[in-house]
Structure formats: C-alpha cells, structure tokens
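Student: I would be grateful for a close look at a single part of this structure, together with its surroundings. Please explain each term as it arises.

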Amino acid sequence: MLLQEFLTRQASDHPIAPAVRMGPEYLEYGELDRVSNRIARLLHHLGAKRHDRVCLFLPKSPLTVAAMLGTLKADCIYVPMDLASPPLRMGKIVAAADPAFAFVKGDMGSKHVEALGDGPLRDVEIISVDDIDLTASDSDPLVYRNSADDPAHILFTSGSTGDPKGVVVTHRNVASFVEWATAYFGIAESDKLSGHPPFHFDLSTFDIYGTFLAGAELHLGVRHRRRLLGQQELLQRSHFRRRRWLPGCRRVQRVQSLDQHVENPKVRCVAEPRQEQLDQHGLLGRRWSQLRDGLREHQCGPRLPCG
C-alpha cells in the first residue's frame, strides 16, 4: 500500500472527521485529500516526473502535511528541510537531494532560498504555497505509477563524516512500521495523537501515517524555548488520548505542573524510556526501547547518499 492511500481511505469513509490540527488551523480528511490532490496536479502541470525530489522549506503546519501527501500523489519524493539549519548544511542537503522542485512559504522560506544563492537551487522550480489556489475545482486524484517499494521520502542524518547523508525510505518501510506500531499500541479512530517531532526527524512518520492509518486526529506541536509550558498548553487545549513522551521529557522536579494532565486516565503514553530510567527521571509507562527497536526493524531504509 502507498502511504497516501491511508488518507484516501479515510477521506472516503470519514470525509468530515478532523485529520490534522495546529492551533486554530485544521483540515478534515476530505479537505486534506482534495488539497493534496491539487498540489499533486500542480506538480504534474509543472512537469514533475516520477521520482523527482521535492524539498519542503516549510514550517510545521497542516498545509505542509498536505504538501507531503501531494508530493507522494505525484509519484515524487519529498525531502523535509530543517529550517533551523545553517545555510552551509542546508546547501549540502539540497545538493545531495538534487531536487526538481522546492516548496516555500512566506518570508521564512524565501530567506532560506535567498541564502542559498545561485548554487544548488539554481535550476530548481520554486513554488510558494501562498500562491497555490487551494479551492481550484480540479481536485481529482492522479493515477499512481509508484509501488510500495518506491521511495516516499528522504531524511538526512548528520553523517559519520559530518556531511549530511540521505536515508531513502520507501512506502513499504513506513507502512510496515506504522501498521505494527498502531496495532501494538492500539491506536483507534477515536484517538487524538500529538505530533511534536519535526518533520525531518524519523519518528514524525509514526505521528503522521499512524494517525491516518487509524483514522485518528493529529495535533501538531512546535519547538518552543519554553517547551514545558508549551506542552502544558497543548495538553490542556487538545484533550489528547495518546501522547508519546521521549526520554528526559518528564523530569519530576521540572514538570510537576503537567502531572494533572499526564496522570489523566484518558491520556495514554504510547512510547517511553527503558524501565531502568524510570526512578532517575520520573517517567511513566511502556518502554521507549520497544518503539525505538520497532522503528529500526520496520522503517530503516538504505543509508545512501542521494544524487
């Protein structure tokens, strides 16, 4: 199964159910399907070919998720960019990915493109998502040529030599992992999941595609200098049923203010650190290593330089 088909199935069965939300901005499953179809058709109209790479110079948002899915629906490969990276590292990633297209949004994306100058983006088609007509009438899906063994996205690591290297991840890699993880943790369509990792980090694939596989609701969070206060606000506002805590995120002496929300029996923490860390860090619940090891077994694609 292709990853975008998780979405199309839910859009057919539950078109008005919320799919992804960030603050007041959200998209229902039917809307997300239509918007991603329009983005796929735009890429197709601009001459996108199968396996073309598409760099995403986009902040975390529901529209960015739509851009990911639209890229997949065009039989292309998306490359999430870390907007906090220095221009030198970003330039190396773009040069390795060798994209045909790049999505940008607002001044932030434009500044990154300008910072890279005429180098690796010289022959890349730059598309501003602010200029896309998201209400265009033609939102029918394209016919996919890709199979489950074709690449879905490329995630860049720091690399053992200090140069970023791309991990080419196929549809089958991600689908196998999220099918295991959603079954293991019992994710259901009534659940609300948090999505706090950045999109260039591999565990974000569980948040996005695990949510869509189950027909649940994804709430995106952002990195914040006052991260604990931001998490408290997100917990209060979103009424989560599923929350994945990373090791060290819940030290008792620092997050006592979260206890009333974390201990709520309606909130289930689906992935956490090893048992021997519990007393040291005051962490609750299942073993983080179970999800980590599942990721290594089910998701990791070949670590190959791209381009």
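Tutor: Serine 36 is a suitable place to begin: this residue is buried, with a relative accessible area of 0%. Buried means under 20% relative accessible area, exposed means over 50%, and partly exposed lies in between, with a 1.4 Å probe and protein chains only. The model is predicted, with local features requiring pLDDT of at least 70 and side-chain atom pairs counted only at pLDDT 80 or more, while totals for chains, interfaces and linings use all residues. Residues are numbered from 1 along each chain as its sequence is written, and side-chain values use heavy atoms, with hydrogens and water left out.

Serine 36 belongs to helix α2, which covers residues 29-45. Helices (H or I, at least four residues) and strands (E, at least two) are DSSP runs, numbered from the N terminus. When residues up to four places away in sequence are not counted, Serine 36 touches Leu7, Ala66, Leu69, Gly70 and Lys73. Contact here means heavy atoms within 4.5 Å. Ala66, Leu69, Gly70 and Lys73 are among the buried residues of helix α3, and that helix is the part to examine closely.

Helix α3 comprises the 12 residues 62-73. At 1.5 Å a residue, α3 should span 16 Å, and its end C-alpha atoms are 16 Å apart, which agrees. The expected span is 1.5 Å times one less than the number of residues in the helix. The helix is mostly covered, since 12 of its 12 residues are buried. Among them are Pro62 and Leu63 at one end and Leu72 and Lys73 at the other. After the helix comes aspartate 75, whose phi is positive, near 65 degrees.

Let us now consider a neighbouring helix. Two packed helices are described by the angle between their axes and the distance between the axes. Helix α1, residues 4-13, packs with α3 at an angle of about 105 degrees, and their axes are 9 Å apart. Axes are lines fitted to C-alpha atoms, for helices over the stretch in contact, and angles run from 0 to 180 degrees between N-to-C directions. The two helices α1 and α3 are therefore roughly perpendicular to each other. By convention, 65 to 115 degrees counts as roughly perpendicular, under 35 as roughly parallel, over 145 as roughly antiparallel, and the rest as oblique.

Where α1 and α3 meet, Gln4, Leu7 and Thr8 come from α1, and Leu69, Leu72 and Lys73 come from α3. The residues of this contact divide into three nonpolar, two polar and one charged. Ala, Val, Leu, Ile, Met, Phe, Trp, Tyr, Cys and Pro count as nonpolar, Asp, Glu, Lys and Arg as charged, and the others, Gly among them, as polar. Leu7 and Leu69 thus appear on both lists: they take part in the contact of α1 with α3, and they are also touched by Serine 36.

One residue within α3 deserves separate attention. Methionine 68 is located in this helix and, at 1% relative accessibility, counts as buried. With neighbours within four places in sequence left aside, methionine 68 is in contact with Leu56, Tyr78, Phe199, Ile208 and Tyr209. The C-alpha atoms of methionine 68 and tyrosine 78 are 6.2 Å apart in space, although the two residues are 10 apart in sequence.

For contrast, we may turn to residues elsewhere. Histidine 51 sits in the loop between α2 and β3 (53-57). Its relative accessible area is 26%, which makes histidine 51 partly exposed. Histidine 51 is not a glycine, yet its phi is positive, about 75 degrees. Aspartate 98, in the loop between α4 (87-97) and β5 (101-104), likewise has a positive phi, of about 50 degrees, without being a glycine. Aspartate 98 is partly exposed, at 47% relative accessibility.

Finally, the chain as a whole provides the setting. Its secondary structure comes to 11 helices and 12 strands, and 54% of its 307 residues are buried. Of the contacts between residues at least 6 apart in sequence, 75% join residues at least 24 apart. The chain exposes about 14300 Å², of which carbon and sulfur atoms supply 49%; accessible areas come from the Shrake-Rupley method with a 1.4 Å probe, and for residues only the protein chains shown count as cover.
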